Each structure stands twice: as structure tokens, then as C-alpha cells.
Amino acid sequence: MKTLFPYPVLSGEVVLVADRLVVDNIPRQWKAISEREHVIALHEVKGRWKEIRIKVSVTVDAGELAAGPWSAPTCVAVVRNPRTRIRHTFTLAPAGNGVWEGDVELRRGEQLGACEIDAWVVADVGGESGRLIGTASERWRADFEARTPTQQRSIKMVWKNFTDDIDLTEFRDDPWLLDAQADDPVLYLNSSVEGLRGVLENATTPEQKVVRDVMAAQIASETWASMFNAALYASDMEDGEVQWPGGWHEDVLKRMLPDVFADRSPSEGLAELVERRTEGQSGGDLQRRVMHAATFQSRKPKAVAGALKSLARMASAKESV
Amino acid sequence: MSTAEPGTAQERMIGRLPTSVALKVLTSGVLAGYEPMPGPERLRRSADFSGGAIPGGEAEPIRLLCDEAMRRFRDESPTASDAWLAPRLHYTLRITRAEAADSGLWNFLAMCVAPDFVRWRWGKDTEGDRRAVGQAVRFAGPWHSQCFSRLWWAAELFRDGPDYGPVEIACRNQDVLNTVLRQELVLHRPAAQALVHLLQSRVTTTGREVNGLAKLAYAASATMIYEVLASDDPQDADELQDWIDAIGDAVEAPYDRLPDGPDDGRVDKGSISTLVEWFERLAAVAPVRGKEILAESEAPRPEGVSLAKTGPGL
């Protein structure tokens with residue numbers, strides 16, 4: 001839900017841009033930063049850094065800023081990481097013409113996974129100081145796991161021989177299994193299932209490719225569904241207000257809830273589901289909706305339709321021989 | 001995964017126990033005390049000692065702290081041990097926030113190092129000498145619920161640089177630990193210190209009052225930026241790292257006085273008092289659960305601040 005402000009605020013865009021990346025005092029290349037996706041990919045430096053500085057600039061409409069009913073506008077960049085419970089602000093210096101510039105600093109012991117970078121424009125309004133009059137139109141994400149700067153997040157996949165693993169041996173014949181209890185969900189792929197790895201990673205023949213596409217869509221939709229269920233169980237109600245679970249749980253819910261309930265806001269949708277869960281409903285309707293949302297996220301319709309078309313093509317190719 | 005060999009240093013080390021393993025073990029029978037929990041040796045086999053979640057971290061000092069807590073507070077409610085244990089756990093463990101975010105560490109402490117402590121702190125005596133723990137989350141659960149993790153994070157968020165005094169005050173109050181700890185408000189150090197100040201000065205006498213106040217303060221922070229009103233200097237990461245690295249030379253946590261935490265910077269006094277003043281204004285109108293809440297129109301509000309969510313959207 002967007003905050004509503006009981007006083008005037010900036011109506012124009014607040015543009016936050018990350019310009020430069022410096023890792024332990026060494027400037028890094030541009031391709032780690034994607035301005036289009038608003039992501040900084042930091043996988044490359046994983047485990048081998050102490051301090052990362054990101055030079056940011058914030059631009060607002062200079063005319064609106066000068067004319068508004070506020071005084072002493074300032075701007076801070078905000079770094080948030082829900083997993084390490086970091087919420088740091090960095091004062092940016094005014095560079096004139098509605099622009100502020102400065103550095104944000106990320107420190108190794110304080111970061112994990114990904115953090116979010118936002119910008120807040122603050123001013124004195126109506127005699128009160130510290131009033132928020134604008135936030136970045138689009139936030140940035142600095143992702144310590146990402147190899148390329150895209151918003152698309154991938155989940156960790158690990159090949160394991162289920163028969164050898166003390167914790168997985170009871171699932172030894174399962175081709176794959178999602179561990180949604182970990183801090184980050186992990187998808188285990190069973191290397192003891194003969195041929196699985198070959199098809200998933202090195203499909204060469206058309207037949208193999210058909211199987212791979214269908215299987216990949218199946219894995220993806222099952223993964224989405226179980227992540228959603230895990231995330232739902234991590235959510236709570238308190239004093240009649242729904243408590244978002246944070247972390248990946250929250251990301252999954254926010255991404256899927258619009259498909260689970262097409263006609264409700266994510267908060268309303270989550271509140272409804274948590275209530276249903278605590279009231280002990282059977283969950284049949286929920287699972288149907290979750291299956292639909294997971295199907296959508298995994299692009300299964302496209303994969304299935306594509307596979308059926310390929311099959312038909314293969315059959316007609318055989319006939320014509 | 002590595003196997004602990006008897007007689008190796010690994011037997012004394014702190015590892016990480018995956019949550020999936022922990023939850024498989026925590027059946028309702030085990031929680032209720034009908035069935036024994038698998039011994040630490042069995043669980044250690046599923047633990048990960050690689051990568052060093054806590055380089056050189058040894059389990060023994062944590063074990064001793066738990067023993068002392070159970071001895072000290074045996075005649076009181078185990079709840080009272082939180083304020084004693086939180087600073088000493090933080091002092092003894094010496095980890096970064098990134099390391100503390102790994103729930104495997106907390107699972108390991110609860111299940112391989114001191115399962116009896118978790119049962120003592122969170123269990124209830126039930127018929128037939130059983131001590132039942134209601135929720136598996138006390139052993140393996142979210143950071144704000146798990147037995148040890150909630151105390152460590154409370155100490156981390158409420159300490160004033162090296163001073164654990166505010167941690168003790170905060171942890172004496174279960175509402176702070178159960179509710180306020182989870183709010184984004186306390187991630188701003190001056191706000192956390194200001195809340196402790198109010199707890200101490202008894203402007204808010206009950207936990208419920210502090211809850212109500214923290215909620216109001218957080219709601220107000222949607223439009224009022226405390227970081228700008230009451231700034232905080234970044235903590236000194238090098239000092240913190242030095243303190244962590246000095247773990248081998250550090251004296252054991254004293255039992256009768258507070259230990260000294262990492263000297264990574266105190267919170268600015270001026271910033272704390274700015275927020276104390278602001279919170280006092282809010283406290284005057286804080287609704288308290290269970291009390292009748294003043295009708296919207298009658299409630300006095302600090303001038304110029306409307307918490308009513310009306311007006312134009314951004």
C-alpha cells in the first residue's frame with residue numbers, strides 16, 4: 001500500500017541512478033550495473049571484498065523543488081537489507097539544479113543476499129522538519145549473488161546423489177525436491193536418477209529437448225507452489241493486521257498474490273489466506289488458485305503447447321520419410 | 001557435510017545444522033517430551049562445519065552460559081534469564097550480522113549444544129515429569145522466535161556501542177522482545193535507544209504501552225524521517241572486526257557485571273534526546289491494547305502531525 005501524505009509532496013519523478021561502483025577502492029566495470037533493470041550485480045566480488053562504495057545521484061524537477069511549499073530540502077540514500085536488518089542512510093550533497101550526489105557504502109559483515117537502495121527527499125513542511133516529500137520512483141537492488149544485472153531472481157539449484165545423502169536418502173527415487181525451509185530455498189536435483197542430468201543440462205536431440213522443456217516447466221511450477229505455501233505459513237496476523245514475512249517469503253508472495261487473487265491487493269489477499277489458514281479451512285480452493293499462479297509463473301502453458309507442437313512435427317516428419 | 005570424528009577439534013566447534021534436518025527431528029512427540037531428541041552426536045553428523053560460520057567458534061563457552069543461566073534463575077521464571085543471557089551471548093559468540101543471518105547456526109546451538117536449555121526456557125511442566133515445548137520455532141525458527149537468535153539480535157539492535165546496559169533494559173520486557181524487536185523502527189539506533197530511555201524513565205510503564213508507542217512511532221515514520229531528524233554515524237566496521245578477531249584472547253563473560261561489547265561507536269546523545277522528546281509527544285496519545293482507545297476526534301495529537309492516512313497520494 002502506498003503511503004498517503006497529509007501534506008504536499010513532490011509530484012514529479014525522483015530519479016535514482018547508480019553511476020559508479022568501487023570495490024575496496026578499485027573502480028569496477030560498468031557492465032555490473034544495469035540502469036534499465038536497476039540492478040547492480042555483485043556476484044563477481046563474492047567473498048573477496050570488504051567495502052563496496054556505490055556512487056549515486058538523485059534528480060528531481062528543479063522547478064517544482066524550488067516552487068514547493070517546503071524549505072531546506074535534503075536528500076538521503078537508504079540501504080536496506082532485511083536479512084541483516086540493516087537500514088542505513090547516507091546524506092547526499094546538493095549539486096544544484098535538483099540534483100544530489102554522494103556515496104553509499106556497503107560493508108561485508110552487514111550484507112548478505114541482496115540489499116535495496118532507495119532515495120528519500122526530505123524537507124521542512126508546515127513547520128515540521130524531517131518530512132518525507134519524495135522517494136525514488138524506482139529503487140535499485142544490489143545483488144551479491146547475481147552474475148548479471150537483471151531483476152530476474154533464480155533459486156539455488158544443487159545436484160546431489162540422493163542415495164548417498166543422509167538427509168535425502170528417504171527420497172532416493174525422487175527426481176527433484178525443494179527445500180523451502182532453508183534461509184534461501186534450494187532445489188535439489190537427484191544425480192542418481194540416470195539420464196536426468198544429461199537431459200536437463202545437455203539435451204541435444206529434438207526428443208530430449210521436448211522432455212527437457214516439459215520437465216523444466218514442471219519443476220518450476222512445483223517449486224513456485226511449494227515456495228508459496230512455505231511463505232504463507234511464514235505469514236501471520238497481529239492485531240488484525242497482516243504481518244509480511246520478509247525475505248524471500250515476501251518476494252514470492254508479492255509476486256504470486258496478484259495471480260492468486262486477481263481482484264485484490266496483495267495485502268488483502270494475504271490477510272484472507274492467513275485467516276483461512278487459521279480458521280482451519282480445507283484449503284482446496286487455495287490450492288487450486290496457487291496451482292494456477294504457479295503455472296503462470298513457470299510459463300507452463302507455453303512449454304506444454306510448444307512441446308505438443310514439436311511432437312506433432314516429429315510425427316509428421318516421420319510420416320513423410 | 002562432514003563427519004565429526006571423536007577426539008577432533010570438531011567436537012568442540014560450532015557448526016550449522018540445516019533447518020530441514022532440525023524440523024525433521026522436532027516431531028510433536030519430541031516437542032511434547034514423550035520421545036527423546038536424537039543425541040547431539042547424531043545431529044552433529046548432519047551439521048556443516050565447512051566455511052567457518054564462526055571461525056574458531058567453540059561451543060563450550062555457550063554451554064557454560066546456559067548452565068549458569070539455569071542455575072541463577074532456577075527459582076525465578078526462566079523468562080527473567082533473557083536480560084542476563086542476551087548481552088553475554090552476544091559477547092561470547094562474536095559474529096557479524098551476515099553470519100547471524102544463517103539460521104543453521106542457531107539450530108545448531110539449540111539442538112547440538114543446549115537443547116536442555118531451550119526446554120527449560122520455553123517448556124512447560126506437564127504430567128509425568130515431562131517438559132513440553134509448545135513450538136518447534138524455539139529450536140528452529142525465524143530469527144525473532146528462535147531461543148538464541150532472538151536474544152542475539154536484541155543485543156545487537158539495542159546495544160549502544162560497547163554498552164550492553166540498554167540491552168538489559170530492553171530484554172527485561174517480553175513485549176520488546178516479542179513485538180518491538182521485529183519493527184523496522186529499532187533498526188535506527190537512536191530510535192532503539194530512545195525507546196529504551198522511555199522504558200527506563202517509566203513514561204511507558206507496561207510492555208503494552210511500549211508496544212502501542214512503537215507502533216505509533218513506526219506509523220509516523222512513514223512520513224517523518226527519523227534518520228534525518230536524529231542522525232546516526234555509521235558504526236565502525238573495523239573496530240567490530242577487531243573485536244570479533246580478538247575472541248581468542250578475550251576473557252570469559254563476567255557473570256555479575258556486564259561485559260563490554262565492540263567499541264564501534266556510541267549513538268549520538270543529541271539524536272537520542274530528539275527522539276525521546278518526539279516519542280514522549282506520541283506517548284501522550286499512544287493507544288494501549290486493552291484500554292479504551294480515545295475516539296479519534298478527542299485524541300490530542302502533536303501539532304502538525306496527522307497520522308490519518310488521508311490526502312493526496314504520492
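**Note on the A–B contact, a sheet in chain A and a helix pair in chain B**

1. In this predicted model, the contact between the two chains draws on 34 residues from chain A and 38 residues from chain B. On the side of chain A that touches chain B, the elements that contribute two or more residues are strand E6 (70-81), strand E7 (86-91), strand E10 (114-125) and strand E11 (128-135), and of these E11(A) gives the most, with five residues. By character, the residues on this side of chain A divide into eleven nonpolar, twelve polar and eleven charged.

2. Chain A also holds an open sheet of five strands, in the order E2-E1-E5-E9-E8, with antiparallel pairing. Strand E2 (26-27) and strand E8 (93-96) of chain A each have a single partner strand and stand at the edges, so one side of each is left without a neighbour in the sheet.

3. Within that sheet, strand E1 (residues 15-23) and strand E5 (residues 51-59) of chain A pair in the antiparallel sense over eight bridges; Ala18(A), for its part, has Val56(A) of E5(A) as its bridge partner.

4. In chain B, the axes of helix H5 (residues 81-93) and helix H9 (residues 147-158) come within 8 Å and cross at roughly 80 degrees, and H5(B) and H9(B) are therefore roughly perpendicular to each other. Residues making this contact include Leu85(B), Leu89(B) and His90(B) of H5(B), together with Phe148(B), Leu151(B) and Trp152(B) of H9(B). Taken over both helices, the residues of the contact of H5(B) with H9(B) divide into ten nonpolar, one polar and two charged.

Notes:
Residues numbered from 1 in each chain as written. Chains lettered and ligands numbered in written order. Predicted model: local features only at pLDDT ≥ 70, side-chain atom pairs only at ≥ 80, totals over all residues. Contact = placed C-beta atoms within 7 Å. Helix = DSSP H or I, 4+ residues; strand = E, 2+ residues; numbered from the N terminus. Nonpolar A, V, L, I, M, F, W, Y, C, P; charged D, E, K, R; others polar. Pairing = 2+ DSSP bridges. Axes fitted to C-alpha atoms, helices over the stretch in contact; angles between N-to-C directions. Parallel < 35°, antiparallel > 145°, perpendicular 65-115°, else oblique.
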